[in-house]
Number of protein chains: 2
Amino acid sequence: MGEPATKRAKTDNETNGEDTKDTKAQSDYDDATQKILEQIDQVQGEIDSLNEKASEEILKVEQKYNSLRKPFFEKRNELVRDIPNFWVTAFVNHPNISAILDEEEEECLHYLTKVEVEEFDDIKSGYRIKLTFDENPFFENTQIVKEFFLGNAEPTSTTTEIKWKPDNELVNKIKAKSAQTADGTPGPRSFFAWLSDNQDASNDEIAELIKDDLWPNPLQYFLVPDLDDGAEGGLDEEGGSENDENAEDLEEADDAGEERED
Amino acid sequence: MGEPATKRAKTDNETNGEDTKDTKAQSDYDDATQKILEQIDQVQGEIDSLNEKASEEILKVEQKYNSLRKPFFEKRNELVRDIPNFWVTAFVNHPNISAILDEEEEECLHYLTKVEVEEFDDIKSGYRIKLTFDENPFFENTQIVKEFFLGNAEPTSTTTEIKWKPDNELVNKIKAKSAQTADGTPGPRSFFAWLSDNQDASNDEIAELIKDDLWPNPLQYFLVPDLDDGAEGGLDEEGGSENDENAEDLEEADDAGEERED
């Protein structure tokens, strides 16, 4: 359950306090009603305090599992580093992320060697996406971090300043390209435009896709579905229950490979 | 973290199995890569199983607090019953719900004596909204239940059949009204149209507002803000941290009332 907004009560109790906002209407309710309203308010207080305790307990569970998952994510990072073009392949195969990937950006992402998503310790207050790059012709940075601060009413974000190399400023190049084709409609945002843009950090679709979809299981996007084996071989839109099947495929593939080697 | 969709691996291992979907490309990866992919898949399996355990633990926390909250919700229901027009007032004061409330529907909701929201035991699979009515000129029912089944890929919902009394079928009346004013634009849905409509149960905005906003704290909507004391006295859009303030107002109001009686 969400935490609802609250309103001030319609009472005239604060005539001598510093708070002079509520100037109406004890008289709005008769004494009996007022009494019941107070009782409801007390019960509401108990419910609110239970809600708070529930949130705290859930937070603790999430923190515990973040710690438990961490070594596996690290192990995965190590393994992934030895797969050529792992991340660029996963990005290109992700339907929503590929939608904002310009060709030259795809080229640039061949130098992307590590993706990390780290939630802040208290989880609710934000997270960061860390992209680690090999030396590359596009920028000097080896790491670009986009960080979301969600703890405040107005979420904000920051991005490592990208030190573009001369003549390879992808963001400007892409802007120039889309300006050429411009017919009034704004072109699709590029990946690096998304990365650098910190004007509106609320509900950032790309960031959330990376955090909640790509990062939890990038292998599924690295392993391309066979497009020629019909609908069933394609995307499975119904949750993650087929991971085991995926694993079996890989194991069997391995066995088959060994047999062939004999 | 969400549960991501998965894809099948691009392997050619299933030549003699019943599964003939995967017919490509052991050859897509060299043996070393294939080995690493299998290791990644194993790590992914561990991550997935931790995700599952985390979900289960969170579910248990939610179930525990649903039980703990229950007696307070029941107590609240009892108290609310003694406040005249509590629910209709809360509905009318809720900005989004009032937006679909026709005048005659508002009249009808004066007979609404109880609102209950019950999540199913496993929470994720759905919830029901129970509306209890006094005898009234509009329909024979004393209870109307709208129930959401969210466990399946395609969420569904059901509503108690409303036994309208002759000449008081609000839904048809409102349809007729909006047809009169019709200029091609569809009129706003009415509350009873929402209640009876089970064509699309996914992301039902009104149902979710009732479940996650009105039901957790209806008092805040019953207690109208003083509209004439400026912006600060109005809606507070920033979460529920002002419940205590609300409570204080009520307590102080009570003291003031007692003093006056002396």
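# Setting values against definitions

Trainee: What makes the meeting of the side chains of Glu118(A) and Lys130(A) a salt bridge?
Mentor: The N to O distance between these side chains is 3.3 Å. A salt bridge requires a side-chain nitrogen of Lys or Arg within 4 Å of a carboxyl oxygen of Asp or Glu, so the pair of Glu118(A) and Lys130(A) at 3.3 Å qualifies.

Trainee: Which parts does the pair tie together?
Mentor: Glu118(A) is in strand 1 (residues 112-119) of chain A and Lys130(A) in strand 2 (residues 126-133) of chain A, so the pair ties together parts 12 residues apart in sequence. Helices (H or I, at least four residues) and strands (E, at least two) are DSSP runs, numbered from the N terminus.

Trainee: What do these values rest on?
Mentor: This is a predicted model, in which local features need pLDDT of at least 70 and side-chain atom pairs count only at pLDDT 80 or more, while totals for chains, interfaces and linings use all residues. Residues are numbered from 1 along each chain as its sequence is written, chains are lettered from A and ligands numbered from 1 in the order in which they are written, and side-chain values use heavy atoms, with hydrogens and water left out.

Trainee: Why does Glu118(A) count as partly exposed?
Mentor: Its relative accessibility is 23%. Buried means under 20% relative accessible area, exposed over 50%, and partly exposed in between (1.4 Å probe, protein chains only), so 23% puts Glu118(A) in the middle class.

Trainee: Is Glu147(B) buried or exposed?
Mentor: Glu147(B) is buried, at a relative accessible area of 17%. Arg128(B) is partly exposed at 22%.

Trainee: How do you know that the side chains of Glu147(B) and Arg128(B) meet in a salt bridge?
Mentor: Their N to O distance is 3.0 Å, which the salt-bridge rule accepts. Glu147(B) is in strand 3 (residues 143-149) of chain B and Arg128(B) in strand 2 of chain B, so this pair ties together parts 19 residues apart in sequence.

Trainee: How many salt bridges are there over all chains?
Mentor: The count comes to 10 over all chains.

Trainee: What makes strand 3 of chain B and strand 4 of chain B a pair?
Mentor: Four bridges join the two, which run antiparallel. Two strands pair if DSSP finds at least two bridges between them, so four bridges are enough. These strands form a hairpin with six residues between them. One bridge partner in strand 4 of chain B is Thr159(B), which goes with Lys146(B).

Trainee: Where do the side chains of strand 4 of chain B point?
Mentor: Along strand 4 (residues 156-159) of chain B they alternate. Ser157(B) and Thr159(B) point to one face and are buried, while Thr156(B) and Thr158(B) point to the other and are not.

Trainee: Why are helix 1 of chain A and helix 1 of chain B called roughly antiparallel?
Mentor: Helix 1 (residues 31-80) of chain A and helix 1 (residues 31-80) of chain B pack at an angle of about 175°, with their axes 10 Å apart. Axes are lines fitted to C-alpha atoms, for helices over the stretch in contact, and angles run from 0 to 180 degrees between N-to-C directions. Angles under 35 degrees count as roughly parallel, over 145 as roughly antiparallel, 65 to 115 as roughly perpendicular and the rest as oblique. The two helices are therefore roughly antiparallel to each other.

Trainee: What makes Thr33(B) buried?
Mentor: Thr33(B), found in helix 1 of chain B, has a relative accessible area of 9%, so the class is buried. Leaving aside neighbours within four places in sequence, Thr33(B) is in contact (heavy atoms within 4.5 Å) with Ile83(A) and Pro84(A).

Trainee: Which residues does Arg81(A) touch?
Mentor: Not counting residues up to four places away in sequence, Arg81(A) touches Thr113(A) and Lys114(A). Arg81(A) and Lys114(A) are 33 residues apart in sequence and 6.9 Å apart in space, C-alpha to C-alpha. Arg81(A) lies in the loop between helix 1 and helix 2 (86-93) of chain A. At a relative accessible area of 48%, Arg81(A) is partly exposed.

Trainee: How many helices and strands does chain A have?
Mentor: Chain A has nine helices and four strands. Of its 262 residues, 47% count as buried.
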